[in-house]
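Q: Please take a close look at one part of this structure, following the chain towards it and then describing what surrounds it. A connected account suited to someone who has not seen the structure before would be welcome.

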Amino acid sequence: MSSEISFGRFFLPGPTEVPPDLFDAMRRPVVGHRSPEVSRLIEEMQPAASRLFQTWRPVYLSTSSATGMMEAAITNLTRRRALCLTNGSFSQRFHAIAGATGRPADTLEAKWGEPNLPDRLRTALSEAPGRYDLVTLVHSESSTGVLNPLEELAAVVREFDDVLIAVDTVSSLAGAPVRTDDWGLDFVLTGSQKAVALPPGLALAVASERALARAREVEHRGFYFDILKFEKNLERWQTPNTPAVSLLFALDRQLARMMEEGLEARWRRHDEMARRTYEWVERTAARTGQPWHVLAPEGYRSPCVTAIVLPDGLTGPEVASRARAHGYTVAAGYGPLKESSFRIGHMGEHTLDELEALLAVLDEVL
């Protein structure tokens, strides 16, 4: 995006727009990654990072995309077989990683645009006792805009003593409630580039004590994404591999911003933007007499990204192109939904006023 374009016009579902002051933080001189300064930085960030995840546990910092920590979930936490809950592209990635790393795994599929539901999960685990020791899911599926009922799904998993739950919160953490400890989540991961509103390149994760105990039972955990190495290195406020120090500087500043806003206020802001988007879709359908609608069903909609199904005669790439001609960025639908829908990423540091400006442009161009 050109530096001449002002902040507040970039509404991709990820990467999201980055506040300019975070780039200023990244311009600090690089220091040795094993230096006392970096150890102090990691230590001082931990309270805010743990609060973001709503946990007492420390937060791992990985120089990778979030996919790296998805791989960590698979390679560290399953001895027998994983059950991957899928309802979009990114939840399918857990299953693909299992196949690529030689871990047995099955899928429990919901249609794209539908949520994974607790009763189906309970049935799957009950009908195959002892078959699974790990359940994976994506909280906010950014390919469809569906928010899976994480608290309820986690409660089902806890009914089965030997089963852990690993959750991708890449497009929900910092934009929607994620209560790691209260909901009994065993491994929670996110990336820097969505609701956290940093440039891509960092993954953050939290492992429960149960997850650490499981990892100790798994012989071949891999090298780069061995969570026991992350845990061990945090004892001296370090990372197991060379960190992206400049991104840590930005993370430090962004955590301070989020704590200043307050998590409850931040969640509220995201919810308000989502609800305004739904109202706009309903109004557009009524005004045009065309079947515009939000893909995700009510009650299962992400506060961070909305997928909007278009009427005949419009395509996702066409909507994105028209918005781009007016200086705004939205996304076409994802995968099989590319032509029939488009997506608005209303997350990170965006405000309701900035969203209103985007919706006014969409009114004009559509």
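**From the start of the chain to helix 10**

A: P15 lies in the segment that precedes helix 1 (20–26). The model under discussion is a predicted one. At this point in the chain, the peptide bond leading from G14 to P15 is cis, its omega being near -5°. Further along, the loop between helix 2 (36–53) and strand 1 contains Q54. Although Q54 is not a glycine, its phi is positive, at about 55°.

Strand 1 leads into the first of two sheets to be described here. Seven strands make up this open sheet, in the order 1-9-8-7-4-2-3 and with mixed pairing. Its edges are strand 1 (60–62) and strand 3 (105–109); each has a single partner strand, so one side of each has no neighbour in the sheet. From one strand to the next, the twist averages 20°. One pairing within the sheet joins strand 4 (residues 134–138) to strand 7 (residues 164–168), in the parallel sense and over five bridges. Among the residues involved, V135 has I165 in strand 7 as its bridge partner.

The interior of the model may be considered next. When the whole structure is searched, one cavity of 30 Å³ or more is found. The volume of the largest cavity is about 40 Å³. Its lining consists of L61, S62, T63, Y224, F230, T239, P240, N241, T242 and P243. By class, the lining of the largest cavity comprises five nonpolar and five polar residues, with no charged residue.

The account now reaches the part chosen for closer study, helix 10, beginning with its contact with helix 9. Helix 9 (residues 245–261) packs against helix 10 (residues 263–288) at an angle of about 85°, and the two axes are 6 Å apart. Helix 9 is therefore roughly perpendicular to helix 10, because angles from 65 to 115 degrees count as such. On the side of helix 9, the residues that meet helix 10 are Q254, M258, M259 and E261, and on the side of helix 10 they meet L263, A265, R266 and R269. Sorted by class, this contact between helix 9 and helix 10 has four nonpolar residues, one polar residue and three charged residues.

Helix 10 also takes part in a contact with the second sheet. That open sheet has four strands in the order 10-11-13-12, and their pairing is antiparallel. Strand 10 (293–294) and strand 12 (331–332) form its edges; since each has a single partner strand, one side of each lacks a neighbour in the sheet. Strand 10 is joined to strand 11 (residues 305–309) by two bridges in the antiparallel sense. In this pairing, H293 has V309 in strand 11 as its bridge partner. Helix 10 packs on this sheet, where it touches strand 10, strand 11 and strand 13 (341–345), and the direction of helix 10 makes about 10° with that of strand 11.

Finally, helix 10 contributes to the largest pocket, which holds about 520 Å³ of space. The lining of this pocket numbers 24 residues, and those nearest its centre are L147, D271, G299, R301 and P303. At least two lining residues come from each of helix 6 (150–157) and helix 10. It is helix 10 that gives the most to the lining, supplying eight residues. The classes represented in the pocket lining are eleven nonpolar, four polar and nine charged residues. In summary, helix 10 packs with helix 9, touches three strands of the second sheet, namely strand 10, strand 11 and strand 13, and gives the most to the lining of the largest pocket.

Notes. Residues numbered from 1 in each chain as written. Predicted model: local features only at pLDDT ≥ 70, side-chain atom pairs only at ≥ 80, totals over all residues. Heavy atoms only, no water. 1 Å grid on protein atoms, 1.4 Å probe; cavity = no way out; pocket = protein on both sides within 12 Å on 5 of 7 lines; lining within 4 Å. Points joined across faces, edges and corners; volume = space filled by probe spheres on them. Nonpolar A, V, L, I, M, F, W, Y, C, P; charged D, E, K, R; others polar. Axes fitted to C-alpha atoms, helices over the stretch in contact; angles between N-to-C directions. Parallel < 35°, antiparallel > 145°, perpendicular 65-115°, else oblique. Contact = heavy atoms within 4.5 Å. Pairing = 2+ DSSP bridges.
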